[in-house]
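Subject: A structure for you to look at

Hi there,

Here is the structure I promised to pass on to you. Please open it first, and then read on with the picture beside you.

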Amino acid sequence: MSNYFLNHHGRPYNPTILQSYTPVILQSFSLVTFARISNRLTASMSKLTAAITAVHGYLPPDLLTNFDLEKMVDTTDEWIRTRTGVQERHILKGEGLGTSDMGVEAVKGLLAKRGIEASEIDLLICATVTPDHVFPATANIISDKIGAVNAWSYDISAACSGFLYALATGSQFIETGKYKKIVVVGADKMSSIIDYTDRATCIIFGDGAGAVLLEPSEDGNGIMDSILKSDGSGRQYLHQKAGGSVKPASHETVDNKEHYVFQDGQPVFKAAVKGMADVSAEIMEKNSLTADDVAWLVPHQANLRIIDATANRMGVGPEKVMVNIQRYGNTTAGTIPLCLWDWEKQLKKGDNIILAAFGGGFTWGAVYVKWAYNTPA
Ligand SMILES: CC(C)(COP(=O)(O)OP(=O)(O)OC[C@H]1O[C@@H](n2cnc3c(N)ncnc32)[C@H](O)[C@@H]1OP(=O)(O)O)[C@@H](O)C(=O)NCCC(=O)NCCS
């Protein structure tokens, strides 16, 4: 007989007693099983997610149009529009103004919209490749300027994928229950590192900032999944040659224009088309989403042709793709939150949204978001 049916003296149970206990044993087993199943169900229903509860953006008022660029370099409005999709971009002008100043405007608008004080922010993350200074972090400067006295803050450097990296990182602190209010900023003053005599790069980039607020949610909406990737071997095609520890600033680096964006467009274009399309399809497949399930694709705004390739690969029609590259150009870390800001009124609670980006590094990725609110009319 099995040891299970021996009493504490090591002798077998009286079969009559065992028989009388059977309903109790079965009952307690089914109660335990029921409790386990219901615990699992409750845990999955009340899983803490990081919901985007507000979005805001800022674009500096000065414009640089394709027609302005025609007067500066050997290019045409027609070439720029057909090869990239850009018509105009915003440029931050003014003595002593930097990326943090645009971030500050975006975050102030965010807080006003949500009706909360800066002192309520637990953490502020800023994605940027054009920080105010090499150090301290631009996030620290934004926090100081808005009075986020209880927040700690840091920057993320992942070029055009920076906002997605920051969003995925910030969401972890909400999901663990550690923090309640996290601000994620994507901001770049690209005009500070663009050579306006280089027609290959100056036509693409613009300045701008966007920000989102992350808060805990238990209603099944929020950031559902992310796939993030990087491949440092791509750095040769898109980088800033000098100003870092390998080649500190010198008269020579300035004379050689090595503090500007260097881009070998073709290899970046090819890697971006493949990277952004692959990862967007991968996140759909991983989450069993069909093209019909996807309400919106929010692609990084680098080039209209890269955006089209991504949408085609996902099987998503142009009516579901957010595109504002015509008006802003490529604002690097700013593009995705600026799209969400522009389309905010059209977003509905529960919408499945795929955010996708590709950038210098190389870095790329996709984030799957279930939109958490309806914007009041
Ligand atoms: C930069 C980019 C727009 C250039 O477009 P492209 O179709 O690749 O153009 P190419 O670099 O092959 O250049 C084609 C021709 O146009 C010329 N050209 C380049 N810039 C030009 C401009 N602004 N105006 C007119 N002609 C231009 C080139 O000199 C070249 O001339 P050639 O054939 O006589 O040599 C494109 O490569 C791109 O978008 N790359 C990726 C950008 C990106 O995603 N960035 C990273 C993510 S942030």
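Below is what I found in it, starting with one helix and moving out from there.

Please keep in mind that this is a predicted model.

**Helix α8**

A good place to begin is helix α8, which covers residues 265-286. How far apart are the end C-alpha atoms of this helix? They are 31 Å apart. You can check that value yourself: with 22 residues at 1.5 Å a residue, the helix should span 32 Å, so the two values agree.

Next, have a look at which residues of α8 are buried. They are V268, A272, G275, M276, A277, V279, S280, A281, I283 and M284. Being buried here means having under 20% relative accessible area.

**The nonpolar core**

Helix α8 turns up again in the largest nonpolar core, a group of 39 residues. Inside this core, V261, L297 and I354 have the most contacts. The elements that give it two or more residues are α8, β11 (294-299), α9, β12 (352-359) and β13 (363-370). Which element gives the most to this core? It is α8, with 6 residues.

**The ligand**

Now find the ligand. There are 23 residues around it, and those that come nearest are T75, R83, C160, Q266 and N303. Sorted by kind, the shell holds 11 nonpolar, 8 polar and 4 charged residues.

Three side chains are worth zooming in on:

- R199 has a side-chain N or O atom 2.9 Å from an oxygen atom of the ligand.
- Q263 has a side-chain N or O atom 3.0 Å from a nitrogen atom of the ligand.
- Q266 has a side-chain N or O atom 2.6 Å from an oxygen atom of the ligand.

How much of the ligand's accessible area does the protein cover? On its own the ligand has 940 Å² of accessible area, and the protein covers 73% of that. Two or more residues of the shell come from each of α3 (77-83), α8 and α9 (304-314). Helix α8 gives the most here too, with 4 residues.

**Some unusual backbone spots**

Before the last stop, a bit of background: most residues other than glycine have a negative phi, and most peptide bonds are trans. With that in mind, try to find these four places.

The peptide bond from F135 to P136 is cis, and its omega is near 0°. You will find P136 in the loop between β4 (123-127) and α5 (138-146).

Another cis peptide bond runs from G361 to F362, with omega near -5°. F362 sits in the loop between β12 and β13.

A159 is not a glycine, yet it has a positive phi of about 50°. Look for A159 in the loop between β5 (152-156) and α6 (162-175). Is A159 buried or exposed? Its relative accessibility is 15%, so A159 counts as buried.

S288 is also a residue other than glycine with a positive phi, near 50°. It comes just after α8, in the loop between α8 and β11. Because its relative accessibility is 62%, S288 counts as exposed.

If you want a single thread to follow through the model, take α8: it gives the most to the core, and it gives the most to the shell around the ligand.

Enjoy exploring, and write back with any questions!

Best wishes

Technical notes. Residues numbered from 1 in each chain as written. Predicted model: local features only at pLDDT ≥ 70, side-chain atom pairs only at ≥ 80, totals over all residues. Heavy atoms only, no water. Expected span 1.5 Å × (residues − 1). Buried < 20%, exposed > 50% of the residue type's maximum accessible area, 1.4 Å probe, protein only. Near = heavy atom within 4 Å. Polar contact = N/O pair within 3.5 Å; in protein donor to acceptor, adjacent residues only side chain to side chain. Areas by Shrake-Rupley, 256 points an atom, 1.4 Å probe, with all protein chains shown as cover. Nonpolar A, V, L, I, M, F, W, Y, C, P; charged D, E, K, R; others polar. Core = buried A, V, L, I, M, F, W, Y, C linked by side-chain atoms within 4.5 Å.
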